[in-house]
Amino acid sequence: MAPNPLQLPGTLGEFLKEQRQSAQMSLRQLSELAGVSNPYLSQIERGVKKPSAEILQQIAKALQVSAETLYVHAGILDEERSVMTAHEIDVRAAIAADPALTAKQRKTLIDVYESFIDDSV
């Protein structure tokens, strides 16, 4: 089978596959731990799909790697950007991923969080 032209060396998919294999996990095991469907995870590894920050956070947690690392590999975050910026993304993703919150509560929390960040700059 010919390599996928979208799957360049050092891409998110390649990195995820390496991390999964080094953790001695099957694709199915990772999909169950991350709460992501097996076919979707396979498409991410092959470079066919580009996951959201929320999905990357779920995968990072399952692989026990930092979400920031996955954001960098996905092109969401530049390596040179500050840790604070990565932290801000993690906070927003955590709020968005919390199933105990309603949509209105999520929006309110994000608004409050952003008001604190804007004040500190």
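**Group meeting: a walk from helix 7 back to the core**

Let me begin in helix 7, residues 103–120, where aspartate 111 and lysine 107 sit four residues apart, about one turn of the helix. Do keep in mind, everyone, that this is a predicted model. As a reminder, an α-helix has 3.6 residues a turn, so residues three or four places apart point the same way. Here aspartate 111 makes a salt bridge with lysine 107, and their closest N and O atoms are 2.8 Å apart. How accessible are the two partners? Lysine 107 counts as exposed, at 52% relative accessibility, while aspartate 111 counts as partly exposed, at 38%.

The count of salt bridges comes to two, so let's go to the other one. Arginine 20 pairs with glutamate 45, with 2.7 Å between the closest N and O atoms. Arginine 20 belongs to helix 1 and glutamate 45 to helix 3, so this pair ties together parts that are 25 residues apart in sequence. Are these two residues buried or exposed? Arginine 20 is buried, with a relative accessible area of 9%, and glutamate 45 is buried too, with a relative accessible area of 9%.

Glutamate 45 brings us nicely to helix 3, which spans residues 38–45 and has Leu41, Ser42, Ile44 and Glu45 as its buried residues. If you look down the axis of helix 3, these buried residues fall within an arc of 160°, so they line one face of the helix. What do they pack against? The partners are helix 1 (12–22), helix 2 (27–34) and helix 4 (53–63).

Please look at the two ends of helix 3 as well. At its start, a side-chain oxygen of serine 37 comes to within 3.2 Å of the backbone nitrogen of tyrosine 40. After the helix comes glycine 47, with a positive phi near 80°.

Glycine 47 has company in the positive phi department, and two of the residues I'd like to show you are glutamines. Glutamine 24 has a positive phi of about 55° although it is not a glycine. You'll find glutamine 24 in the loop between helix 1 and helix 2, and it is exposed, with a relative accessible area of 72%. Then there is glutamine 64, whose phi is positive and near 60°. Glutamine 64 is placed in the loop between helix 4 and helix 5, and it is exposed, with a relative accessible area of 72%.

Now for the inside. In soluble globular proteins, nonpolar side chains tend to be buried together. In this model the largest nonpolar core has 22 residues, and those with the most contacts inside it are Leu12, Leu16, Ile59 and Leu70. Which elements give two or more residues to this core? They are helix 1, helix 2, helix 3, helix 4 and helix 5 (67–74). Helix 4 supplies the largest share, six residues.

To get a feel for this core, try centring your view on leucine 12. Leaving aside neighbours within four places in sequence, leucine 12 is in contact with Ile44, Pro51, Leu56, Leu70, His73 and Ala74. Among those partners is Ile44, one of the buried residues of helix 3 that we met a moment ago.

Apart from the largest core lies another one, of six residues, among them Val91, Ile110, Tyr113 and Ile117. That's my tour, and I'm happy to take questions.

Definitions and conventions:
Residues numbered from 1 in each chain as written. Predicted model: local features only at pLDDT ≥ 70, side-chain atom pairs only at ≥ 80, totals over all residues. Heavy atoms only, no water. Buried < 20%, exposed > 50% of the residue type's maximum accessible area, 1.4 Å probe, protein only. Arc of directions from axis to C-beta. Contact = heavy atoms within 4.5 Å. Polar contact = N/O pair within 3.5 Å; in protein donor to acceptor, adjacent residues only side chain to side chain. Core = buried A, V, L, I, M, F, W, Y, C linked by side-chain atoms within 4.5 Å. Salt bridge = Lys/Arg side-chain N within 4 Å of Asp/Glu carboxyl O.
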